[in-house]
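Please work through the exercises below with the sequence and the model at hand. Each task sentence is followed by a solution in steps.

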Amino acid sequence: MDDLKSMANAIRALAMDAVEAANSGHPGMPMGMADAATVLFSRFLKFDSSRPDWADRDRFVLSAGHGSMLIYALLHLTGYQRPTLDDIKAFRQLGSPCAGHPENFELPGIETTTGPLGQGLATAVGMAIAERHLNAAYGDALVDHRTWVIAGDGCLMEGISHEAAGLAGHFRLGRLNVLWDDNGISIDGPVSLSSSEDVRARFVASGWHVVNCDGHDTDDVARALAEARDDPRPSLIACKTTIGFGAPNKGGTSGAHGSPLGAAEIALARQALGWPHAAFEVPDDIRAAWLAVGARGAEARTAWEARLADSGKAEDFNARMAAVVPAGMLDAYIDELLAAPPKVASRKASEMALAVLNPAVPALLGGSADLTGSNNTRTKDQTVFTADNYAGRHVHYGIREFGMAAAMNGMALHGGVIPYGGTFLVFADYMRNAIRLSAIQRVRVIYVLTHDSIGLGEDGPTHQPIEHLMSLRAIPNLAVYRPADAVETAECWALALADMKRPSVLALSRQNLPPIRQKGDTLSGNQVAKGAYRLKAATAARRVVLIGTGSEVGVALAAAEALETHGLGCDVVSMPCWEQFAAQTSAYQADILPDDALVVAIEAGVTLGWERWVGRDGLIIGIDSFGASAPAEDLYAHFGLTGTAVATKVLDKLQVR
């Protein structure tokens with residue numbers, strides 16, 4: 001116990017010193033949870049610091065990401081190559097991998113980017129789902145690990161924690177164990193200022209096992225963790241702690257939460273903890289003890305590698321974990337579509353593409369937030385993922401859009417799973433922060449967002465997305481696709497699956513869309529890969545370029561036909577993906593959108609942002625108000641999104657009568 005206390009004090013000291021050096025950060029949580037984390041890493045967590053990519057390692061998620069010095073200290077002390085001591089000394093500084101909140105792409109051992117409270121917990125639910133799903137495919141010999149989480153009071157206040165807890169309890173994810181840093185302090189002061197709920201009872205009601213412990217008594221922590229490990233339900237381990245443990249004046253107060261302790265308080269804390277060492281100094285015996293912790297999983301890892309080699313499944317397993325989708329998987333299917341172009345909604349076209357992909361790509365794991373029949377995310381070959389069938393490949397998330405998105409992040413980060421999930425595009429706002437984290441973390445998560453415009457009709461303004469496409473396009477490293485027909489939809493799926501470092505949104509229509517591509521046209525290859533392409537060249541001398549996306553490509557084609565009768569040559573450009581078009585050469589962009597023509601954008605959404613492509617003298621035809629409740633055709637006419645209405649606006653712009 002004395003050794004564990006000294007090891008925990010090493011965490012506390014590094015946390016105090018790094019935050020003080022940065023003059024920024026959160027020392028209180030690492031100091032408060034140091035004892036529990038020491039027990040977890042030294043006695044329970046299965047890992048090998050020399051092989052952070054070991055597929056069957058336990059996953060550790062620091063949901064309370066503001067306490068990032070906890071994980072940085074643990075990684076450094078247990079022997080990961082980084083962070084080095086110099087990295088820790090540069091905590092929160094430009095170029096240091098020790099960012100203010102943990103970032104998965106900066107350091108091996110950081111399983112997920114955390115900071116937005118509650119999302120780490122929800123992401124861990126996705127990791128636990130992935131573990132059980134892969135276990136159903138490969139058995140205990142190859143997939144047999146746990147997901148451990150440290151979450152704070154703030155994580156459990158956030159609404160997403162309710163969604164995550166409900167999912168985990170419903171699916172009986174017994175390999176998920178959450179250590180709650182029950183310190184009773186938030187930034188404003190005592191948690192009692194804002195909350196009086198019975199957190200333990202809430203988790204029990206969600207089907208969890210709950211156990212209490214003294215978070216500073218290492219034996220009691222070990223007892224509680226063992227009980228959690230052995231219970232078949234997901235577990236909440238309530239660790240009663242003191243924030244800023246060891247700081248005699250600021251400990252137990254909000255003063256230890258989000259600012260440096262100050263040199264005087266740190267000196268007093270060193271005395272109270274019996275830590276006489278200089279800043280950033282860890283004695284050799286304590287460092288050796290921690291390095292032994294980092295190496296203790298090597299034997300289990302080498303035994304697992306031997307089992308994998310002898311299993312006859314090594315090639316398949318490694319390919320599954322990498323989840324690389326072979327190129328050209330949809331080529332034959334797209335040829336069939338071109339030969340017999342169907343008139344279908346793009347949500348139906350997505351289902352048709354998935355009917356080809358799902359049997360061929362076992363890593364695909366689909367789902368929907370209680371809109372399966374509307375999103376068309378489940379194909380006939382898919383059974384349902386349940387607590388009794390972890391092999392199922394379609395997850396019923398319930399009305400938990402935010403929880404679904406965060407869980408999909410966890411699946412993608414875990415490896416071996418390519419998650420896709422559906423809801424209505426208008427509900428992207430519910431899960432926006434998780435979509436943003438998909439982009440930050442550079443993970444392949446595919447969002448199937450249907451009912452993408454006023455074209456959904458009678459459900460009215462509450463369900464008709466207006467600003468949503470543009471708001472999603474504003475997120476860096478997110479590919480937003482809005483296909484115009486079945487061929488483009490299949491091309492979007494091919495690109496989304498090939499994109500290993502970027503999430504994708506597929507914005508899909510409720511209403512049927514006429515085909516715009518067919519066999520015999522002059523186009524070849526994946527046109528969506530270009531982001532925008534010339535679908536129809538002008539017949540008369542070109543004076544206008546009409547850009548359409550999704551359902552409005554058909555509107556552009558009708559407008560072009562009308563304008564050509566006035567002697568105005570019109571190119572029609574389909575622009576299914578801004579991000580792909582922005583990545584093309586300036587020469588290609590100039591060819592598609594030439595300076596010598598009036599460029600017109602047509603989209604059933606806000607006009608804000610289209611200036612980027614049409615220029616200051618261009619014309620933007622869209623909707624800068626909320627929608628209305630009516631049949632789709634009536635709405636398109638009402639908002640001026642018809643071929644005739646668009647042609648009239650172009651003629652007025654050019655002052656042609």
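The exercises that follow concern a predicted model, and they treat its sheet, a helix, its loops and its empty spaces in turn.

**Exercise 1. Determine the strand order of the open sheet of six strands and identify the strands at its edges.**

Solution.
Step 1. Following the pairing across the sheet gives the order β10-β9-β11-β12-β14-β13, and the pairing is parallel.
Step 2. The edges are occupied by β10 and β13 (479–481). Each of these has a single partner strand, so one side of each is left without a neighbour in the sheet.
Step 3. The turn between neighbouring strands of this sheet, direction ignored, is 20° on average.

**Exercise 2. Establish which strands β9 pairs with, and name a bridge partner in each.**

Solution.
Step 1. On one pairing, β9 is joined to strand β11 (residues 418–424) by three bridges, and the two run parallel. Within β11, Ile418 is the bridge partner of Leu364.
Step 2. Strand β10 (residues 394–396) also pairs with β9 in the parallel sense, again over three bridges. Here Gly367 has Val395 of β10 as its bridge partner.

**Exercise 3. Decide whether the residues of strand β9 are buried or exposed, and sort them by the way they point.**

Solution.
Step 1. The cut-off needed is that a buried residue has under 20% relative accessible area.
Step 2. By this criterion five of the five residues of β9 (residues 364–368) are buried, so the strand is largely enclosed by the rest of the structure.
Step 3. In a regular strand, side chains alternate between the two faces of the sheet.
Step 4. Accordingly sorted, Leu364, Gly366 and Ser368 point one way from β9, while Leu365 and Gly367 point the other way; all are buried.

**Exercise 4. Describe how the buried and exposed residues of helix α10 are distributed around its axis.**

Solution.
Step 1. In α10 (residues 263–273), the buried residues are Glu265, Ile266, Ala269, Arg270 and Leu273.
Step 2. Viewed down the axis of α10, these buried residues fall within an arc of 145°, so they line one face of the helix.
Step 3. Ala264 and Gln271 are exposed and sit on the face of α10 turned away from its buried side.
Step 4. The helix is followed by Gly274, whose phi is positive, near 70°.

**Exercise 5. Locate the cis peptide bond between Arg82 and Pro83, and place the positive phi values of Asp370 and Arg442 in their loops.**

Solution.
Step 1. The bond from Arg82 to Pro83 is cis, with omega near 10°. Pro83 belongs to the loop between α3 (69–77) and α4 (85–89).
Step 2. Asp370, a residue other than glycine, has a positive phi near 65°. Its loop is the one between β9 and α16 (372–375).
Step 3. Arg442, likewise a residue other than glycine, has a positive phi near 60°. The loop that holds Arg442 runs between α18 (432–441) and β12 (446–450). With a relative accessible area of 41%, Arg442 is partly exposed.

**Exercise 6. Characterise the largest pocket by its volume, its lining and the elements that supply the lining.**

Solution.
Step 1. The volume of the largest pocket is about 860 Å³.
Step 2. It is lined by 35 residues, of which Arg57, Ala412, Leu413, His414 and Gly415 are the closest to its centre.
Step 3. At least two lining residues each come from α12 (298–310), α13 (314–322), α17 (401–414) and β11.
Step 4. By class, the lining of this pocket comprises 19 nonpolar, seven polar and nine charged residues.

**Exercise 7. State how many cavities of 30 Å³ or more the whole structure holds, and describe the lining of each.**

Solution.
Step 1. Rolling a probe the size of a water molecule over the atoms shows where empty space is left.
Step 2. The search finds two cavities of 30 Å³ or more.
Step 3. The largest cavity contains about 110 Å³ of space. Among its 14 lining residues, Phe47, Asp58, Tyr80, Gly109 and Glu111 are the closest to its centre. This lining has eight nonpolar, one polar and five charged residues.
Step 4. The second largest cavity has a volume of about 50 Å³. Its lining includes Phe60, Val61, Leu62, Gly109 and Glu111. Strand β1 (residues 59–62) gives the most to this lining, with three residues. The classes here are six nonpolar, three polar and one charged.

Key. Residues numbered from 1 in each chain as written. Predicted model: local features only at pLDDT ≥ 70, side-chain atom pairs only at ≥ 80, totals over all residues. Heavy atoms only, no water. 1 Å grid on protein atoms, 1.4 Å probe; cavity = no way out; pocket = protein on both sides within 12 Å on 5 of 7 lines; lining within 4 Å. Points joined across faces, edges and corners; volume = space filled by probe spheres on them. Nonpolar A, V, L, I, M, F, W, Y, C, P; charged D, E, K, R; others polar. Helix = DSSP H or I, 4+ residues; strand = E, 2+ residues; numbered from the N terminus. Buried < 20%, exposed > 50% of the residue type's maximum accessible area, 1.4 Å probe, protein only. Pairing = 2+ DSSP bridges. Arc of directions from axis to C-beta. Axes fitted to C-alpha atoms, helices over the stretch in contact; angles between N-to-C directions.
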